[in-house]
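Opening a fresh notebook page for this one. I want to see how the inside is put together before I look at anything else.

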Amino acid sequence: MASFFILIGATFIAYVLVSNAGDPLENARGLPNPTQRLQTMATITQTLHLDVNPVFRYFIWLKGVGGCFVGKCDFGVNIAQVPVNGQLSLALGSSLKLITASTVLAVFLGIAIGIITALRQYSGLDYTVTLITFLFFSLPVIWIGIVLKDIFALQFNTFLQRGAQMSWATIIIASVLIGLIAYSLFAGELRRRLMTGALSGLVAFAVFYFITVQQWLLNPSLGPVVIALLGVGLALGVTVLTSGLGNRKSLYTALTTVAVGVALWYPLQFFFHNGMSGWKLFGLLVIALIVGSVIGYLYGGDDRGLSARNGAITAFTTSFVIFVDRMFRAWHSYNTNTAINGRPIRTLGPSTPNLQGDFWIQLTDTMTHLILPTITLMLISLATHSRFSRASMLEVMNMDYIRTARSKGLTERTVVMRHALRNALIPMATVVAFDIAGLIGGAVLTETVFGWKSMGQLFQQGLLAHDPNPVMAFFVVSATIAVLANLLADLAYAGLDPRIRVGS
C-alpha cells in the first residue's frame, strides 16, 4: 500500500515538472501557414488538455493510466497525435531485455568478485580488481559504449573477416595474463600457486593455438566430448561449493546428472531442429531441473534436499553448456547470412532488419545486439555490487559466530557457504534494488549510443519536443520498476533472514 502512494506522489511531482518544462505548442507556432498553424495548435491543445491547469490535468492523465488496473491503459497521445500506448509497447520490450540482462550479469559477477576479493583481502587480486572496477565506475557511460563499439565490434568484425587468425604475440600475452589470474585466484603455498598459474597458462596457450589453427571462431562448436569435460568440471565446482567432495551422494548426483545430459545430447539435436521456440526451450530447462532434482532425491543420503538441490544446479549448468553449443552451431549460418555480411557483432538497434532464418538465427541475432549495450551497463554497476558485497562479507567474517564455527573444526567452505554468505547477501538486496533504478537512467544514454528505439529514445524525443505524455510513460514505467524492485528487496530480506519473516 505504501508503494502505491509513493508511486502516486512521484508521478504527480513529475507531471507538474514536465508540464512546466516547456511549451508543447512551440513547433506548431512556427508553421508558416496561418490556417494550418491555428488548426494544429487547437488540436494539440484539445488532445493534451493544455487549457486545463497542470494540477487538474494530472488527474485527467491519471484516469487514463489508472485504467491499467482493469486492462484499459491509456497513456494519451503525443504531439503528433500518435497513441503513446503503441510507442510504449514497442519500446518497453527492448528496454526490459537490456536492463534484465545487464542486471543479472552485474549482480552475479559483482557478488562473486566481491566475495572472492574479500576472502583474498589485501592480495594482488584484491588491489587489481578494486582498481579496475572503480575505473569503470568513474568513466562516462557514453565513453564506455563508444570504446566497446570500436574494439569489440569494428575491430573484432574486421578480425573475423580476415580469417580470425591470432598472432603469436597475442597468444602468448593472453596466455600469460590467464596464468597470472589463476595464480592470484588460488590460495595456499607459493609452489602450488605457481604450478596452478603455469598449468593454466599452458592450457590457455593450447586452446588459443587450436582456435587459431582451426579458425574455430568462424565455425565454432563444442561437441559431446567437450560438453562432458565442461559438465564434469562444473559439477565438481558446484559440489565443492554446496556440499563438499566428501559428500559422496551429492557428488554422485552431480556426475550422474552430467552423464544424463551428455547422453541426451544426440536426441536433443533433432528436437532443436524441429519447430523450436522460446517456450519449448524454457520447458526443456524445467524438465532438466526436475530430472536433476529427482536424481538427487533417489541417491538419498543423510540430506536428500541437499542432493536434490545439487542435482538441480548441475542440471542447470549442463543445460547451459548444451545451449551454448547449439548457439555456436548456428554461428556460421548467422555470420554468412547476406543481412550480416560477415560482421556479426552489431552496433545499432535491437535487431537486424530483413534477417531471414530459423529460431536459432533470430536468437543469435538478439544476443549479438545485446552484447555491447549489456556490457556497457554491466560495467558501471559492477563496482557497486563488488565493493558492497566485499565490505559485507568482510564484516560478516569478523563476527563472533564465524570464529565459533571455525573453532568447532568446520571446514572453510562450510564456514563461508553455509554461515557467512547468506548473512552477507542481506545488505545486497537493498543495493540491487537501488541499482536497478540507476540502470534505467543509464539505459537512456546507452540506448542512444547503440541506436536502440526503446524507452530511452521515447524519453529523449518527448523531452526535446516538450511532449509530456511520452515522458510520463517513461517515468511511470521507471518508477514502477523501481518500486517493484524495492518490494522484491523486502521479500528477499524475509528469505535471507528468518527473523524478518517471523515479524512480518
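**Core.** I started with the largest nonpolar core, which has 43 residues. The members touching the most other members are Trp 61, Phe 75, Leu 88, Leu 372, Leu 377, Met 455 and Met 472. Worth keeping in mind: this is a predicted model.

Next I checked which elements feed this core with two or more residues each. I got helix H1 (2-19), helix H4 (54-66), helix H5 (84-119), helix H7 (141-161), helix H16 (359-397), helix H18 (412-449), helix H19 (455-464) and helix H20 (468-496). A separate core of 25 residues lies apart from it, and I noted Ile 115, Val 396, Ala 420 and Ile 426 among its members.

**Leu 372.** I picked this core residue and asked what it touches beyond four places away in sequence. Leu 148, Lys 149, Phe 152 and Ala 153 came up, along with Ile 345, Arg 346, Thr 347 and Phe 450.

**H19 against H20.** At what angle do these two pack? I read about 140°, with the axes 7 Å apart. Since angles over 145 degrees would count as roughly antiparallel, H19 is therefore oblique to H20. The crossing is left-handed.

I then listed who makes the contact. H19 brings Met 455, Leu 458, Phe 459, Gly 462 and Leu 463, while H20 brings Pro 470, Val 471, Ala 473, Phe 474 and Val 477. By class I logged nine nonpolar residues, one polar and no charged ones. Met 455 is also on my list of core members with the most partners.

**Asp 325.** Is this one buried or exposed? Asp 325 is buried, at a relative accessible area of 0%. I placed it in helix H14 (residues 304-329). Leaving out residues up to four places away in sequence, Asp 325 touches Ser 221, Leu 222, Gly 223, Ile 227, Trp 265 and Gln 269.

**Whole chain.** I zoomed out last. How many helices and strands are there? I have 21 helices and zero strands. The protein has 504 residues, and 41% of them count as buried. Its C-alpha trace spans about 85 × 60 × 45 Å along the principal axes.

I also looked at contact range. Taking contacts with a separation of 6 or more, 71% are between residues 24 or more positions apart. The contact of Leu 372 with Leu 148 is one I had already written down.

Notes: Residues are numbered from 1 along each chain as its sequence is written. This is a predicted model: local features need pLDDT of at least 70, side-chain atom pairs count only at pLDDT 80 or more; totals for chains, interfaces and linings use all residues. Side-chain values use heavy atoms; hydrogens and water are left out. A nonpolar core is a set of buried Ala, Val, Leu, Ile, Met, Phe, Trp, Tyr and Cys residues joined through side-chain atoms within 4.5 Å. Buried means under 20% relative accessible area, exposed over 50%, partly exposed in between (1.4 Å probe, protein chains only). Helices (H or I, at least four residues) and strands (E, at least two) are DSSP runs, numbered from the N terminus. Contact means heavy atoms within 4.5 Å. Axes are lines fitted to C-alpha atoms, for helices over the stretch in contact, and angles run from 0 to 180 degrees between N-to-C directions. Angles under 35 degrees count as roughly parallel, over 145 as roughly antiparallel, 65 to 115 as roughly perpendicular and the rest as oblique. A crossing is left-handed if the near helix is turned anticlockwise from the far one by less than a right angle, and right-handed if clockwise. Ala, Val, Leu, Ile, Met, Phe, Trp, Tyr, Cys and Pro count as nonpolar, Asp, Glu, Lys and Arg as charged, and the others, Gly among them, as polar.
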